[in-house]
Amino acid sequence: MPIAIMTNRIREVVLAFLAAGVTSGMAHAAYTDDIPSGYSVSALDLRTSQIAYSAATGTLWATVPGSAGFGVGNTLTSIDVASWTIDQRTFIGSEPGALAVSDDGVFVYAGLAGSNSIKRYNTLSGSVDLTIPLGSDAFAGPYFAEDIDVMPGSPETIAVSLRNQGFSPRHEGVAIYDGAQRRPSTTGDHTGANRIEFASSGLIYGYNNETSEFGLRTIAVGADGLSTTAVRGHLISGYGVDIKFDGGYIFSSSGRVIDPVSGVIEGIYDLCGGWCYSGALEPDSAAGVTYFASAAGLDVFDQATFTRISNFDLQGVSGEVKSLVSLGDGRLALSTSTDRVYLLTPVPEPETYALFVAGLGLIAAWRRRAFAA
């Protein structure tokens, strides 16, 4: 579609909202007709531990456990999103799990459960170019990566939530690594941030999803390492709950949305009262929507009003949803317990849905300006 035509159509959508006097508390009747009528589902047989998408390269990455079998297991696997086929498999080490991609798409980090280390894959050279040792404790034994996040704008610096193997609690603190070098100051062990998300190069948010403290942590990043500056209990609650940071807010898989600066619960998506785990989530603040995927289907929520826009019964998708990522243009990828990775393509096709997403983004920006005024 020519850019001028697309821009005019987006402008028409926004003007329709303005003419209708849309505010944050009003229904979305002006654009509900642009919500896709459904999703086409494409399946790829692949047993995965985690998946992650690089918008910079348009590649979906997956860590594949050893149980996937000879020639497939213990690999870092790239998936061509356009053809929905396996692009490349690279042996990465024993039992790869935790996965993160730098924002420039150059480095892919895979934590190993069969070795107390992280492997770094260089997409430019097509090879593993660094092993990051995670260390050990005299009592708890070797440390492993529970979660990994790459510092924004610094592709060679990562934060790692460390865990032990075989003790409870499993948490062994959060550490910062520059290449293979760990900065000296780490956060405390026993009770801490099992899930971590960079908000900026100087700030990390973390959530304790292991013990009933359920603390949301603010962690400062400095030249010497990390320090916990605030712990807020029970803003989010639930064992195994995941968090994602997007657009200045913490989104949780239990449905709660948190302003981490003020410590206020901004809203709750009506999954089941904000207290239960709903498979996987993917916030898209640029589009003003949040996706939740579970055995019950795909829920799409409006971020401004916290209301459900639509629910889709994903025909052909089976098993427990483990991971959900946005591929842009309204497309989504999810992995399940049935050893498959699914591509969800909106109907109508991406070009039409991209227009819808762009329109929602402009509307969200208008709302923010209206609130600020």
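Is Asn194 buried or exposed? With a relative accessibility of 0%, Asn194 counts as buried, where buried means under 20% relative accessible area, exposed means over 50%, and partly exposed is in between (1.4 Å probe, protein chains only).

Before going on, a word on the model. This is a predicted model, in which local features need pLDDT of at least 70, side-chain atom pairs count only at pLDDT 80 or more, and totals for chains, interfaces and linings use all residues. Residues are numbered from 1 along each chain as its sequence is written, and side-chain values use heavy atoms, with hydrogens and water left out.

**Around Asn194**

Asn194 sits in the loop between strand 15 (181-182) and strand 16 (195-200); strands here are DSSP runs (E, at least two residues), numbered from the N terminus. Its side chain makes a polar contact of 3.1 Å with the side chain of Glu210 and another of 3.5 Å with that of Glu146. A polar contact is a pair of N or O atoms within 3.5 Å; within protein, one must be able to donate a hydrogen and the other to accept it, and residues adjacent in sequence count only if both atoms are side-chain atoms. Leaving aside neighbours within four places in sequence, Asn194 is also in contact (heavy atoms within 4.5 Å) with residues including Asp147, Ser161, Arg170 and Tyr207.

**Salt bridges**

Glu146 turns up again here, as do other charged side chains. Side chains of opposite charge can pair when their charged atoms come close. Searching the whole structure gives twelve salt bridges, each a side-chain nitrogen of Lys or Arg within 4 Å of a carboxyl oxygen of Asp or Glu. Here are some of them:

| Acidic partner | Basic partner | N to O distance |
|---|---|---|
| Asp339 | Arg47 | 2.8 Å |
| Glu146 | Arg170 | 2.9 Å |
| Asp242 | Arg195 | 2.9 Å |

What about Asp339 and Arg47? Asp339 is in the loop between strand 29 and strand 30 (340-347), and Arg47 is in the loop between strand 1 (38-45) and strand 2 (50-54), so the pair ties together parts that are 292 residues apart in sequence. Asp339 is partly exposed at 25% relative accessibility, and Arg47 is partly exposed at 30%.

Glu146 is buried, at 14%, while Arg170 is partly exposed, at 26%. As for Asp242 and Arg195, both are buried. Arg120, Asp129 and Glu156 are joined into one network by salt bridges that share partners.

**Aromatic rings**

Rings of Phe, Tyr and Trp (its six-membered ring) pair if their centres lie within 6.5 Å; planes under 30 degrees apart count as stacked, over 60 as edge-to-face and the rest as tilted. By this rule there are eleven aromatic pairs. In one of them, the ring centres of Tyr269 and Phe292 are 5.5 Å apart and the planes meet at 65°, so the pair is edge-to-face. Tyr269 and Phe292 are both buried. Phe292 also pairs edge-to-face with Phe301, at 5.7 Å centre to centre and 85° between the planes. Tyr269, Phe292, Phe301 and Phe306 make up one aromatic cluster.

**A hairpin**

Strand 28 (residues 321-328) is mostly covered, with six of its eight residues buried. Strand 28 runs antiparallel to strand 29 (residues 331-336), and six bridges join them; two strands pair if DSSP finds at least two bridges between them. Ser326 stands opposite Leu332 in strand 29. The two strands form a hairpin with two residues between them, and Asp329 in the turn has a positive phi of about 55°.

Notes. Helix = DSSP H or I, 4+ residues; strand = E, 2+ residues; numbered from the N terminus.
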